[in-house]
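Hi,

Here is the structure I said I'd pass on to you. Have a look at it first, and then read my notes underneath.

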Amino acid sequence: MNKKIFNKVLTLIASFILVTSLGGVHTAYAANVSTIDMDMLYNTLIVGDMSYATSLYYQGTIDAYMATDADGIEIYVPDDPKGGTGTGVGIYRQDNLIAENQQYGVYTIYYGEFVGFNRHGHGSIFKTYKDASYTFTRSFYGYWEDDYPNGQGNESYTEETTGQYKKVREVSGVYIKDRFTGTINSITSKFAGSSTGNEGITTWVYPYVNGYAEGTVSWTVQDAGKPLESGSYQMLGGYLVNDRTDEYFASHSANDFDPQTMVIAAWAEQNNYYIPESKVEPSSYDYSDFMALK
């Protein structure tokens with residue numbers, strides 16, 4: 001397979017991830033199976049069919065299969081099973097999430113290029129979860145080097161609680177190991193009658209430079225029956241730039257402002273559509289748990 005065709009296949013996979021996990025193509029697979037057919041996983045992913053991969057999550061097969069795996073990694077490269085170089089699939093367990101008693105999202109599936117059993121080249125990684133009322137799917141497509149994203153990449157994240165809300169987040173930029181430079185776009189839709197507040201849509205645009213929030217953050221809140229609210233503020237090195245204090249000094253005392261981190265603590269707490277920035281650590285974008293990095 002030449003590189004052009006390979007890239008088209010990976011792009012197709014990325015486009016299928018959200019659709020198939022939230023009700024797209026489905027194929028029946030036996031439930032309660034504690035084995036995974038890595039050849040089937042590879043052959044279905046190569047043609048953009050996510051149904052088998054998705055069923056491994058929904059039926060709990062990955063949990064059962066990987067439970068006895070000592071290092072928490074299963075890699076299958078059909079053309080070079082001993083050397084691990086070529087196109088293949090991998091399943092990765094995130095032991096730090098297990099230690100935190102996470103009940104889902106512990107495993108990720110990777111499809112793409114390997115060099116010496118390390119993710120290296122173009123590749124796609126994703127995970128998904130679904131129960132009676134909640135669904136989420138998260139995916140990444142981009143370039144890898146030595147098991148780390150290194151180059152242009154794109155993430156998609158969809159989370160929905162039935163009758164409550166749906167959140168869609170798109171991330172695009174340049175990844176260099178654990179540092180990200182790019183933009184996060186987030187849209188949260190609250191449904192009528194939900195316990196999260198009025199029906200409406202909230203949007204965010206959040207820029208990051210070298211892993212830390214930096215640049216102009218913009219937001220809108222459009223609740224049913226209310227006028228549109230919108231605004232923007234500046235971030236620098238992960239901290240809120242203290243350029244809007246005059247606007248709020250009338251209703252807050254000087255003690256509400258932290259001069260060291262430039263955080264408007266009290267105001268942020270009272271307006272929950274602003275992210276309360278930490279006074280201890282700057283706002284950063286950590287994707288290591290999702291990527292199952294070594």
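**What turned up**

Among contacts between residues at least 6 apart in sequence, 49% join residues at least 24 apart. Bear in mind that this is a predicted model.

To get your bearings: the chain has 8 helices and 15 strands. It runs to 294 residues, and 45% of them count as buried. The chain exposes about 14,400 Å², with carbon and sulfur atoms supplying 51% of that area.

Next, the inside. The largest nonpolar core holds 28 residues, and Tyr-206, Tyr-233 and Met-291 have the most contacts within it. Several elements give two or more residues to this core, among them strands S3 (107-115), S7 (165-176), S8 (179-190) and S9 (200-209), along with H8. There's also a second, separate core of 21 residues, which includes Ile-36, Leu-45, Ile-46 and Ile-62.

Met-291 is worth clicking on. Which residues does Met-291 touch, leaving out those up to four places away in sequence? They are Thr-108, Arg-119, Ile-125, Phe-140, Trp-144, Pro-149, Glu-155 and Tyr-175.

Then there's the second largest pocket, with about 300 Å³ of space in it. Its lining is made up of 15 residues, and Leu-97, Lys-127, Arg-138, Asp-289 and Phe-290 are the closest to the centre. Strand S5 (134-145), strand S6 (148-161) and helix H8 (288-291) each give two or more residues to that lining. S5 provides the largest share, 3 residues. By type, the lining divides into 7 nonpolar, 3 polar and 5 charged residues. So H8 turns up twice, since it contributes to the lining of this pocket and to the largest nonpolar core.

Last, a couple of backbone oddities. Most residues other than glycine have a negative phi. Asn-210 isn't a glycine, yet its phi is positive, at about 50°. You'll find Asn-210 in the loop between S9 and strand S10 (212-213). Ala-292 also has a positive phi, near 55°, and sits in the segment after H8. Is Ala-292 buried or exposed? Ala-292 counts as buried because its relative accessibility is 9%, and the cut-off for buried is under 20%.

Happy browsing!

Technical notes: Residues numbered from 1 in each chain as written. Predicted model: local features only at pLDDT ≥ 70, side-chain atom pairs only at ≥ 80, totals over all residues. Heavy atoms only, no water. 1 Å grid on protein atoms, 1.4 Å probe; cavity = no way out; pocket = protein on both sides within 12 Å on 5 of 7 lines; lining within 4 Å. Points joined across faces, edges and corners; volume = space filled by probe spheres on them. Helix = DSSP H or I, 4+ residues; strand = E, 2+ residues; numbered from the N terminus. Nonpolar A, V, L, I, M, F, W, Y, C, P; charged D, E, K, R; others polar. Core = buried A, V, L, I, M, F, W, Y, C linked by side-chain atoms within 4.5 Å. Buried < 20%, exposed > 50% of the residue type's maximum accessible area, 1.4 Å probe, protein only. Contact = heavy atoms within 4.5 Å. Areas by Shrake-Rupley, 256 points an atom, 1.4 Å probe, with all protein chains shown as cover.
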